[in-house]
Amino acid sequence: MTGDREDPLPGPSIPVLDLGGLLFVSIQGELPDDAAVQLQEDVTAAITRTGSRGLIIDISSLDMVDSFLARVLAEVAASSRLLAARTVLVGMRPAVAITLVELGLTLPGMATARTVTDAAATFGVTISDTVREERNAT
Amino acid sequence: MTDGPSDPARAGTEAVAGLLRRRGEQVAQRWADLPLFQAVFTVTRDEAVEACHAVVDSLASVAESGRLEDLEAPGFQPIRQQLAAMTSSRARSGLSMSQVDREVGALRDAALDLLEAETDELGVEDTCEARIHLVTLFATLRVAVIETMLQENQEIILRQRQQLLEMATPVIKLWDRLVAVPLIGMLDSARSQIVMENLLEAIVEHKATIAILDITGVPTVDSLVAQHLMKTVASARLMGAECVISGIRPAIAQTIVQLGLDLSTVTTRATLADALQWALGRDDGRGQQAVRGQS
Amino acid sequence: MSQTSAEPMRVPIRKDTDLTAVRQQVRALAQRVGFGLVQQTKLVTAASELARNTLLHGGGGAAHISVVHGERGRGVSVSFVDSGPGIPDVDLALSDGYSTAGGLGMGLSGSRRLVHEFDIGSGPGGGTRVTITSWTDSLPGGIR
């Protein structure tokens, strides 16, 4: 009858965006396990294809990170590092951070930043707020 | 309802009820002059008399029900409400529980005096019987009052603990994207939890890249507190902010070392000023030069 | 007081996507009972860890989620039941870093720290039943 591919709501995979030299991934909402694993493949493929030296993973919309997802994120970072790309994790929510620390998962090797702008700045890329201001001014 | 009470105990409680009903006005007048009522109803004496009447009536109905020792007797409910308000007001004006208890005890003496005065009409035996029941009734009343006060105190303690938890952990924005929490007083588990959550929320709100946790006002740091501090630092780091602990007094530094706690992964500074310098120096090159030039 | 879900809600755990259902149901009950955000997240995360254990080690099973009442106010209780091989050494399995499924080894031991009560019953061949409970009253002592 119906296989595992019946779930209509979660997207089949997470898009890996190429922002001119930086890769950007935004993880939204509930993440099925297979999508998390798929992410690892997609990211490494994108790094090889684009030659990016940086990867920004935005998890600001996640309301939970368990040890499985933490491991996926750590492995994404580790495999990216092998391809000479540095990973920065962005926007973790307080409740998620407290829970991860209580779980004993402090992700020691993972670089973190508060905002995407901050993360981009660590790669020497400026995402200026003035763009938004100019737009608002007109 | 029944004709002639045969049970002596029943007769005694009815004598008490009768006394309170008959002499209700006199009892109320006497009570109104006692400190318990006088101190609470300060505006007019009539008010006090009225309140006394309510209590006398309720006691009379307890006596009529015959359940003199039963705190759950229906008559005690209105008394509890009335007395809860009064005793808590007395307690708030600084009286100890035993002082309030004595004031409540004084109510009994006024009622007993009036019973003595009726000895001639009731006969010595019935008066004695009634006296025993009256004493029992007021003993139960005292228990009810104490219980009410304890409940009241419990609520006050809970409320104050909540207030303390909320008040005692302000998060201050010190600079653009720089927040600080000055901690004062003992840190227990519950407070540490709230400090941690407040600080992390503030990091989100102010997009802070650096957070200073100042423990100058914390008298002692044990391993549990240290653990909480380290968890806060680790959580902040996961969120992309760096957390500095400042205000580590020499004695605390020694304790931390003696306890064998490893804070090597945590940035620490002796004073809040040092932490601020460090934070600003880190944030932009000019700040750093200025700081270096100073020291 | 209110008689919310006297009988537990049963969520089957047979495949990856069922974990999402467990998390969502636990989150919904935790919200309804009045847990703060941190406590919700801790409970949901613990439930996610244990549901994955049920799937990977127990060969599938079910989560029974219910609202409970006790001295510490209202709470949410989740039982994970499987009829798999069981856990031969519970003490060992509960120690940090112990892993059989290639995880980070924090599943069982870590999730115990996220809830107020943690109860595990297992014998080799007898399946596993893990029950976790958190209470609304997290003030005194915090969550240990």
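Buried area is the accessible area (1.4 Å probe) that two parts lose on being put together, summed over both. The views below come from a predicted model.

**View 1. The contact between chain C and chain A.** The area buried between chain C and chain A is about 2100 Å². Carbon and sulfur atoms give 57% of that area. Chain C puts 25 residues into the contact, and chain A puts in 23 residues.

**View 2. Salt bridges and polar contacts between chain C and chain A.** Four salt bridges are counted between the two chains. One of the salt bridges in the model pairs A:Asp63 with C:Arg27, with the closest N and O atoms 3.5 Å apart. Polar contact between chain C and chain A is counted for six residue pairs, with both residues at pLDDT 80 or more.

**View 3. The side of chain C that touches chain A.** Three elements of chain C, helix H1 (16–33), helix H2 (37–56) and helix H4 (107–113), give two or more residues to this side. H2(C) gives the most, with nine residues. By class, the side of chain C that touches chain A holds ten polar, eight charged and seven nonpolar residues.

**View 4. The largest nonpolar core.** In soluble globular proteins, nonpolar side chains tend to be buried together. The largest nonpolar core in this model has 101 residues, of which A:Ile27 and C:Phe80 touch the most other members. H2(C) gives the most to this core, with eight residues. The helix H2(C) thus appears in two views: it gives the most to the side of chain C that touches chain A, and it gives the most to the largest core.

**View 5. The surroundings of C:Phe80.** Leaving aside residues up to four places away in sequence, C:Phe80 touches C:Ile13, C:Val22, C:Ala47, C:Leu50, C:Ala51, C:Thr54, C:Ala62 and C:Ala63. Its contacts also include C:Thr128, C:Arg129, C:Val130 and C:Ile132. A second core, separate from the largest one, has 43 residues, among them B:Ala17, B:Met86, B:Leu114 and B:Ala130.

**View 6. The fold of chain A.** Chain A has five helices and five strands. From the N terminus on, its elements run β-β-α-β-α-β-α-β-α-α. Of the 138 residues in chain A, 47% are buried. Among contacts in chain A with a separation of 6 or more, 73% are between residues 24 or more positions apart.

Methods. Residues are numbered from 1 along each chain as its sequence is written. Chains are lettered from A and ligands numbered from 1 in the order in which they are written. This is a predicted model: local features need pLDDT of at least 70, side-chain atom pairs count only at pLDDT 80 or more; totals for chains, interfaces and linings use all residues. Side-chain values use heavy atoms; hydrogens and water are left out. Contact means heavy atoms within 4.5 Å. A salt bridge is a side-chain nitrogen of Lys or Arg within 4 Å of a carboxyl oxygen of Asp or Glu. A polar contact is a pair of N or O atoms within 3.5 Å; within protein, one must be able to donate a hydrogen and the other to accept it, and residues adjacent in sequence count only if both atoms are side-chain atoms. Helices (H or I, at least four residues) and strands (E, at least two) are DSSP runs, numbered from the N terminus. Ala, Val, Leu, Ile, Met, Phe, Trp, Tyr, Cys and Pro count as nonpolar, Asp, Glu, Lys and Arg as charged, and the others, Gly among them, as polar. A nonpolar core is a set of buried Ala, Val, Leu, Ile, Met, Phe, Trp, Tyr and Cys residues joined through side-chain atoms within 4.5 Å. Buried means under 20% relative accessible area, exposed over 50%, partly exposed in between (1.4 Å probe, protein chains only).
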